[in-house]
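Subject: the model you asked about

Hi,

Here is the structure I promised to pass on. Have it open while you read, and my notes follow below.

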Amino acid sequence: SSSAQVLRVLPVDGASPMAGGQRARVDDTQASGEDGSMAQDGVEDSEPGEVPVLEPAPTLRAAELFGAHSEARMLLVGDGNFSFAEALLRLEVAGCQLVATAYETEAELEVAGFRDVFERAERLRDRGMAVGLGVDATNLTDTLPADVVGPFDVIVFQFPQHPERRKIHLQRQLLRGFFASAIGQLAPEGSIVVSLCRGQGGTPAEEEPRKTSDTWQVQDAAAELGLLLRLVQPCPTEELELLGYRSTGYRCRGLRPSNAENMQDKSFNWDGSLTHVFCRDSIGAVAAYALVWSHDVSLWEPDGFEEEHLQVALRAAVCGEGGDASDGVEVTLELMDQYCRPEDGKRARTYRLTVRAQRRAVSQAAWRRACEGVSKQFSDAADRTQSVSLGALAGGAETVGRASG
């Protein structure tokens, strides 16, 4: 027989908001019957009246995907109605410590009439979970409760949403702010987990890709903070629903003047949603999808210029002086144009510079900065050699050299 992690569905003690009055617990059990035969259709043999034990689906299940393992310290941010926290708690992972937070303050929830949030928060506290209200995912240091101290092994932002939901640049800004804040609370080898609705993330994992300009660009936002996208999986929505999670965190104010002050609590469509798992690139992980960026630059050729010199300089700008092939960074050059200035013979080149990074978190902005910085270094070197050359022709090379120094 072979061992497998299974999802065991058990009756809940007392009243529960979960449909069917059940909860789930992750156990390490045998996935075969007593006679050594494998259970049929993913269900173990059971006596009449017993609840069957279900094997996990081929994709990663909730406990594994969200990092709810033994002894893990998990921080949940933006859990508007705390149903996600309750769902994870029902997994009954021994030793896993959960901290659940919501953006709204207690006063805002009172005014909006969201009493179910307080009821869930009380149940979570009764189970020993820390709960925080008024916690800003983009400013965790200043808004987490005083008794909640990092670092955390896992930080989860389940379906983030800026209040101005129709302004895509604000959604990107929210993600960048969250990553910048979360990385300061993250353990060295920890993970940041973000679930997004269909098409929002903009990674190659999307079933129906959108134009990059129409997505939240989550992989690029994380890379700017040195975070690598190591895994993308379909969000296990069916399992989460079984555990009691409800997609009712779509909160906004009315759009018309007549209802602008009314808080709305709506569900959203999470079909096709994806869960993205990030880690620091310093731990040696390989990205689920390579980051590929191109940028065009023009530069003046210094004396003795060779394209290999430009490649080495670009790699050093991304990986440091000691970088090698093990960094998983490929730099390619495509010569687009050349120019020679008639009056002095000074030469210029225009290149399309492309990076493909598999082990380094290289954002588009970081690659642009590297390209512009390196091209400036080469052009400055060309100016210096040109000055020396012209000075030598005039018989004043040493003077020019001293003056420029």
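A quick word on exposure, since it comes up below: a residue is called buried under 20% relative accessible area, exposed over 50%, and partly exposed in between. Glu-92 has a relative accessible area of 25%, so Glu-92 is partly exposed. Please keep in mind that this is a predicted model.

Glu-92 caught my eye for its backbone too: its phi is positive, about 55 degrees, although the residue is not a glycine. You'll find Glu-92 in the loop between H2 and strand S5 (97-102). Glu-71 is another non-glycine residue with a positive phi, near 70 degrees. Glu-71 sits in the loop between H1 and S4, and with a relative accessible area of 54% it is exposed.

Now the aromatics. The structure holds 9 aromatic pairs. Take Phe-66 and Phe-84: their ring centres are 5.2 Å apart and the planes are at 70 degrees, so this pair is edge-to-face. Phe-66 belongs to the loop between helix H1 (62-65) and strand S4 (73-77), while Phe-84 is in helix H2 (residues 83-89), so the pair ties together parts 18 residues apart in sequence. Phe-66 counts as buried, at 0% relative accessibility, and so does Phe-84, at 1%.

Phe-305 and Phe-378 make another edge-to-face pair, with 5.8 Å from centre to centre and 85 degrees between the planes. Here the link is between distant parts of the chain, 73 residues apart: Phe-305 is in the loop between strand S13 (291-300) and helix H9 (307-319), and Phe-378 is in helix H10 (residues 364-393). Both of these residues are buried.

Back to the earlier pair for a moment: Phe-66 and Phe-84 join Phe-159, Tyr-245 and Trp-270 in one aromatic cluster.

Which residues sit over the ring of Trp-300? The charged end of Arg-341 does, 5.0 Å from the ring centre, and Lys-346 lies over the face of Trp-300 at 4.6 Å from the centre.

On to the strands. S7 (residues 152-158) is mostly covered, with 6 of its 7 residues buried. S7 runs parallel to S4, and 4 bridges join the two. S7 also runs parallel to strand S8 (residues 186-196), this time with 6 bridges. Phe-157 is a handy residue to look for in S7: Val-77 stands opposite Phe-157, and Phe-157 in turn stands opposite Val-194 in S8. To get from S7 to S8 the chain passes through helix H6 (residues 168-182), and this β-α-β crossover is right-handed. Just before you leave this area, look at the cis peptide bond between Gly-150 and Pro-151, where omega is about 5 degrees. Pro-151 is in the loop between helix H5 (140-143) and S7.

Last one: Thr-275, in strand S12 (residues 274-280). Is Thr-275 buried or exposed? At 0% relative accessibility, it counts as buried. The Thr-275 side chain makes a polar contact of 2.8 Å with the side chain of Ser-195. Leaving aside residues up to four places away in sequence, Thr-275 also touches a number of others, including Leu-65, Phe-66, Val-194, Leu-231 and Cys-235. So two names from above turn up again around Thr-275: Phe-66 and Val-194 are among the residues that Thr-275 touches.

Cheers

Methods:
Residues are numbered from 1 along each chain as its sequence is written. This is a predicted model: local features need pLDDT of at least 70, side-chain atom pairs count only at pLDDT 80 or more; totals for chains, interfaces and linings use all residues. Side-chain values use heavy atoms; hydrogens and water are left out. Rings of Phe, Tyr and Trp (its six-membered ring) pair if their centres lie within 6.5 Å; planes under 30 degrees apart count as stacked, over 60 as edge-to-face and the rest as tilted. Buried means under 20% relative accessible area, exposed over 50%, partly exposed in between (1.4 Å probe, protein chains only). A charge sits over a ring if NZ of Lys or CZ of Arg is within 6 Å of the ring centre and within 35 degrees of the ring normal. A polar contact is a pair of N or O atoms within 3.5 Å; within protein, one must be able to donate a hydrogen and the other to accept it, and residues adjacent in sequence count only if both atoms are side-chain atoms. Contact means heavy atoms within 4.5 Å. Two strands pair if DSSP finds at least two bridges between them. A crossover is right-handed if, with the strands pointing away from the viewer, the path from the first strand over the helix to the second runs clockwise.
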